[in-house]
2 protein chains.
Amino acid sequence: MIRVAVDALGGDRAPEEIVAGALLAANDEIKPILYGPAGLSTGGLELVETDGVVEMHEKPADVVRAKPDSSLVRAVRAVGDGDVDVVVSAGNTGALLAASLLHIRRLPGVMRPAIAVMIPARRGPTVLIDGGANADARPEHLVQFAHMGVVFAEEMLGVTEPEVRLLSIGEEPEKGNQLTLETAALLVGSGLRFMGNQEGRVLLEGQADVIVCDGFTGNVALKTLEGAILSVVGSLRTEVAATVRGKIGGLLIRPAARRLRQRLDPDTYGGAYLLGLKGLVVISHGSSSRQAIANAIGLAARGVEHRLVDRLAGRVPERVVESSRSSTP
Amino acid sequence: MIRVAVDALGGDRAPEEIVAGALLAANDEIKPILYGPAGLSTGGLELVETDGVVEMHEKPADVVRAKPDSSLVRAVRAVGDGDVDVVVSAGNTGALLAASLLHIRRLPGVMRPAIAVMIPARRGPTVLIDGGANADARPEHLVQFAHMGVVFAEEMLGVTEPEVRLLSIGEEPEKGNQLTLETAALLVGSGLRFMGNQEGRVLLEGQADVIVCDGFTGNVALKTLEGAILSVVGSLRTEVAATVRGKIGGLLIRPAARRLRQRLDPDTYGGAYLLGLKGLVVISHGSSSRQAIANAIGLAARGVEHRLVDRLAGRVPERVVESSRSSTP
């Protein structure tokens, strides 16, 4: 039985959609435990009573200390204290990161935790890391992200010797900014299967198994991707609805459109792992629906089953030492 | 009569598609002049004979001095020398930038030229600046980009008091990296209509008139956008073709899909302006088709008609001085 702490007050649609998602995910193997206010209607799920809520706009560093009894902080602390196996929250990402650093703590050797996001590429899922935990990062951080992404791809996606690429502005090795140029030099000597740069153009095609970038670039790319998918589908719907002929065609292609939407819907994964900690944390979209939350809880449980944290603990720090050694003069 | 120098050897499909595009664009008002090797079949267009080609992978700084007679360098120099009104090239962007800095030179006060790209947003075209000229940039550069983008939106798109936003990882002012946080602080005091951050999610919707970012982020976002559009449309086509029902529906929605493609096709604009120079330069996509080149030449001519360089010369430096003053202690 995998125990999943669920932050009942995290996200724009909390608590209703969160509770509903937890109920959807509950089964013989998965036990969601809700962290939320007394009296919350949980449909029979266990409730750990908490006091206070972390708002989306609150400053991460302050809020974690100022609101130790909030649903977000308590749910995260439950992982650190060993009360649960994993935590899922659709709340303030920065606060989640800050609470995790404080209450779960980093794996030895890991400088910065990073968000590993699965991209539903045509060739199959690709791991992008960092999806937004580190808005500013140094080359040695990116090398660690690459190592973590590789362990993720191997353990969770079953990829043998995953190919790593660096998100940049051209495939040629001389294309990039200071950060990517220095990172590329380190990745070449990292022992990873580094294949060079990748452009944002092929993100949805799936050129590499693991795509490495700083959290700012990764977050901009992910949101651009998401927005473009929604916008193209929405615009096509508008155009189709503009004529009778289009409407009939639209009805006929509906099953095809549904299959596409299923693959591209961010709710399909429901969340992303925050990797590099001594415990497992899953971050969901602020706008998560019940289905997204249910899927995120499923993702959280799979991470526990695959003992993702142990795998990372066994491999990242060691390799990281290698890489950083080669980077220091 | 507007004289447009066209680099006949720039781009993956040169010279055939370039020459064909120039022929398409030629009319009573627009006179494309091809810069290319002796004997090039020009279909009657004027040819300025050049010697050598700048390859896509060549290092910009070296190549401009090493190949002064190449089609790219000569076409750019023609603007600097006043032989033509504007230059269009689908060649090596870095080399184009380096050649422009050397032979056209920056407008007084402008620290860094930047690429202004029009995004075909649902609400109408949006200007993204910098689309890739400056992989590393400082906050004061971004403020200049904002000023240039505003002049562009006013003069070329007819927008009154354009709204400026900063591309970042959240709308909240505290979200961002070091660069965007410092830039936002400067933009607040810039006299521009700065509305805060914008996420990549809404790029295709058109939240702002001008979106400012460094060239690395901008280029990643633009390519991600472009790739996502192609990938979604391509995937939908595959799904639709998988069943007979889908195929019939696909035929019926074809006109709707065509209208959408027309708006989203990068060939619609065909190119982007490199702004901040004493002359006008239009950069086209490396993979440009004849239609893209023809549209780029049209765009180049419109920039000349609107006296875009004069407008920038009259306004950017002055405002930039204001902004930089407020940024220095």
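The following exchange takes up a salt bridge, a surface patch and the relation of the two chains in a predicted model.

Reader: Why is the contact between A:Arg311 and A:Glu155 called a salt bridge?

Author: A salt bridge needs a side-chain nitrogen of Lys or Arg within 4 Å of a carboxyl oxygen of Asp or Glu. The N to O distance between A:Arg311 and A:Glu155 is 3.1 Å, so the pair qualifies under the 4 Å limit. Over all chains, the search finds 30 salt bridges.

Reader: What parts does the pair of A:Arg311 and A:Glu155 tie together?

Author: A:Arg311 belongs to helix α11 (residues 308–327) of chain A, and A:Glu155 to helix α5 (residues 139–157) of chain A. The pair therefore ties together parts that are 156 residues apart in sequence.

Reader: What makes the surface patch positive, and which residues form it?

Author: Its members are A:Arg237, A:Arg254, A:Arg258, A:Arg261 and B:Arg245. Arg counts as positive, so the patch is called positive.

Reader: Which helix gives the most to the positive patch?

Author: Helix α9 (residues 254–264) of chain A does, with three residues. A:Arg237 sits in helix α7 (residues 215–241) of chain A.

Reader: How do you know how the two copies are related?

Author: A turn of 180° with a shift of 0.0 Å along the axis lays chain B on chain A, and the RMSD is 0.0 Å. The copies are therefore related as by a two-fold rotation axis. In chain B, B:Gly249 has the C-alpha nearest the axis, 1.9 Å from it.

Reader: Why is it said that the copies meet through the same surface?

Author: Because 100% of the interface residues of chain B are also interface residues in chain A.

Technical notes:
Residues numbered from 1 in each chain as written. Chains lettered and ligands numbered in written order. Predicted model: local features only at pLDDT ≥ 70, side-chain atom pairs only at ≥ 80, totals over all residues. Heavy atoms only, no water. Patch = residues over 30% accessible without salt bridge, like charges linked within 9 Å, V, L, I, M, F, W, Y side chains within 5 Å. Areas by Shrake-Rupley, 256 points an atom, 1.4 Å probe, with all protein chains shown as cover. Charge placed at Lys NZ, Arg CZ, Asp CG, Glu CD. Helix = DSSP H or I, 4+ residues; strand = E, 2+ residues; numbered from the N terminus. Least-squares fit on C-alpha atoms with pLDDT ≥ 70 in both. Contact = heavy atoms within 4.5 Å.
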